[in-house]
Amino acid sequence: MTTMTSMSEPIALLSLRNICKTYTIKKGLFNKKKLELKAVKDINLDIYPGETIGLVGESGCGKSTLGKIICGLEKPTNGQIFWQGRKLSWPRKFSPQDMQMIFQDPFSSLNPRQKIKDIIAEPLKINLSAGGRTRKQIHNRVLELANQVGLSPEHLNRYPHEFSGGQRQRVAIARAISLSPRLIVCDEAVSALDVSVQAQILELLKKLQEEANLTYLFISHDLAVVKYLCQRIAVMYLGELIEITSRNELSSPKHPYTQALIKAIPIPDPENKPDRIIPGTELPSPINPPTGCAFHTRCPQKMDICMHKKPSWVTISQSHKVRCFLYQNNTSTKS
Ligand SMILES: Nc1ncnc2c1ncn2[C@@H]1O[C@H](COP(=O)(O)OP(=O)(O)OP(=O)(O)O)[C@@H](O)[C@H]1O
Ligand code: SF4
Ligand SMILES: [Mg+2]
């Protein structure tokens with residue numbers, strides 16, 4: 001068995017080492033042409049118990065692919081995943097007590113023909129033998145979970161279509177926490193909700209974290225939401241991580257892309273709302289990504305070296321690192 005141990009660092013709940021995911025896309029006449037799409041490239045990340053880490057980046061940068069790899073829903077093309085220092089193999093022995101995923105659209109992940117009580121009870125019933133719960137115990141646990149997520153007992157006999165988006169997300173959360181998982185991957189979990197409902201669900205996630213010492217990987221394209229909820233933030237661009245920082249240090253972002261993301265956080269005046277993250281530039285295709293630093297085609301500060309070489313990680317502080325030549329004294333470092 002492969003294990004990861006370190007004398008000085010706390011043991012991460014989950015560690016990703018050199019994780020890659022390449023999809024083969026068929027194109028052209030009779031789908032004969034095969035193209036490689038590198039959705040996730042060489043990701044290294046540690047997630048620690050009890051923390052909320054945010055994963056941000058523009059649409060298509062690989063956030064959901066990484067979330068699915070973590071939860072065992074996608075197989076990585078390369079790389080290793082460690083759970084509490086122990087290497088996980090594929091196919092993953094999926095343990096719902098370890099991790100769960102909450103998606104953007106709870107309507108599509110909730111069976112429309114099941115009552116809310118049965119939806120919440122489902123993981124408990126599947127794990128009946130493991131947990132040894134009786135029907136009465138399951139019923140009591142469903143009542144307890146409903147109460148925890150702010151649903152009343154009357155809600156339990158209804159169907160998903162009778163609920164609002166926010167209430168459906170509460171049901172999805174109740175189901176996700178039913179077996180007390182250690183890690184929850186929330187993939188755009190509040191993106192489809194109105195701002196006021198978003199705030200309620202974010203508060204609920206915070207409350208549940210305090211009650212159950214949950215760890216969250218919170219995936220979102222909305223940096224404002226991530227900034228509110230997360231202690232650490234990882235920024236992705238075209239399948240790669242380019243900056244990892246604490247929330248406090250996000251006020252002085254280092255990577256030009258993170259700086260652009262922060263500038264693009266919507267401001268209350270709709271007249272001045274930026275229409276693109278970086279005006280006048282297009283996100284390159286992941287099928288044909290730029291050489292060197294993938295951001296060089298849009299970077300206002302690019303240098304010659306950026307077009308040919310990949311920057312390696314530079315440590316700014318204990319909780320802040322960035323991949324950009326602007327901060328690399330010795331620009332001959334390899335990636
Ligand atoms: N099953 C698949 N087959 C082929 N390509 C895929 C597949 N799933 C994702 N991709 C591609 O991989 C890239 C990353 O997709 P992913 O869904 O992970 O991005 P994302 O950051 O979650 O985007 P969004 O913010 O829109 O949800 C995209 O170019 C996407 O088209
Ligand atoms: S490495 Fe160069 S192109 Fe990339 S973000 Fe830094 S300055 Fe811009
Ligand atoms: Mg996604």
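The shell around ligand 2 has 10 nonpolar, 3 polar and 1 charged residues by class. These values come from a predicted model. In total, 14 residues surround ligand 2. The closest are Cys293, His296, Cys299, Cys306 and Cys324.

Ligand 1 is also surrounded by 14 residues. Tyr23, Ala39, Ser59, Ser64 and Thr65 come nearest to ligand 1. Three elements give two or more residues each to this shell: β1 (14–27), β2 (33–47) and α1 (63–70). The largest contribution is that of α1, with 3 residues. By class, the shell around ligand 1 divides into 6 nonpolar, 7 polar and 1 charged residues.

The chain as a whole comes next. It holds 335 residues, of which 36% count as buried. Its secondary structure comprises 9 helices and 12 strands. Contacts between residues at least 6 apart in sequence were also examined. Of these, 66% join residues at least 24 apart.

Helix packing was then described for three pairs. Two packed helices are described by the angle between their axes and the distance between the axes.

The pair α3 and α5 is taken up here. Helix α3 spans residues 116–126, and helix α5 spans residues 135–148. Their axes lie 10 Å apart, and the packing angle is about 120 degrees. An angle over 115 but not over 145 degrees counts as oblique. The two helices α3 and α5 are therefore oblique to each other. The crossing of α3 past α5 is right-handed. On the α3 side, the contact involves Lys117, Ile120, Ala121, Leu124 and Lys125. These residues meet Ile138, Arg141, Val142, Leu145 and Ala146 in α5. By class, this contact of α3 with α5 has 7 nonpolar and 3 charged residues, and no polar ones.

Helix α3 also packs on helix α6, which covers residues 165–177. The axes of α3 and α6 come within 7 Å. They cross at roughly 30 degrees. Angles under 35 degrees count as roughly parallel, so α3 is roughly parallel to α6. The crossing of α3 and α6 is right-handed. From α3, the residues in contact are Ile116, Ile119, Ile120, Glu122 and Pro123. Their partners in α6 are Val171, Ala174 and Arg175. This contact of α3 with α6 has 6 nonpolar, no polar and 2 charged residues. Ile120 thus appears in the contact with α5 and in the contact with α6.

Helix α6 packs in turn on helix α7, residues 195–212. The angle between α6 and α7 is about 15 degrees, and their axes are 10 Å apart. This angle makes α6 roughly parallel to α7. The crossing of α6 and α7 is right-handed. From α6, the contact is made by Gly165, Gly166, Gln169, Arg170, Ile173 and Ile177. From α7, Val197, Gln200, Ile201, Leu204, Leu208 and Ala212 take part. The residues of the contact of α6 with α7 divide into 7 nonpolar, 4 polar and 1 charged.

Key:
Residues are numbered from 1 along each chain as its sequence is written. Chains are lettered from A and ligands numbered from 1 in the order in which they are written. This is a predicted model: local features need pLDDT of at least 70, side-chain atom pairs count only at pLDDT 80 or more; totals for chains, interfaces and linings use all residues. Axes are lines fitted to C-alpha atoms, for helices over the stretch in contact, and angles run from 0 to 180 degrees between N-to-C directions. Helices (H or I, at least four residues) and strands (E, at least two) are DSSP runs, numbered from the N terminus. Angles under 35 degrees count as roughly parallel, over 145 as roughly antiparallel, 65 to 115 as roughly perpendicular and the rest as oblique. A crossing is left-handed if the near helix is turned anticlockwise from the far one by less than a right angle, and right-handed if clockwise. Two residues are in contact if their C-beta atoms, placed from the backbone, lie within 7 Å. Ala, Val, Leu, Ile, Met, Phe, Trp, Tyr, Cys and Pro count as nonpolar, Asp, Glu, Lys and Arg as charged, and the others, Gly among them, as polar. A residue is near a molecule or strand if its C-beta atom, placed from the backbone, lies within 6 Å of it. A residue is buried if 20 or more other C-beta atoms lie within 10 Å of its own, exposed if 12 or fewer, and partly exposed in between; C-beta atoms are placed from the backbone.
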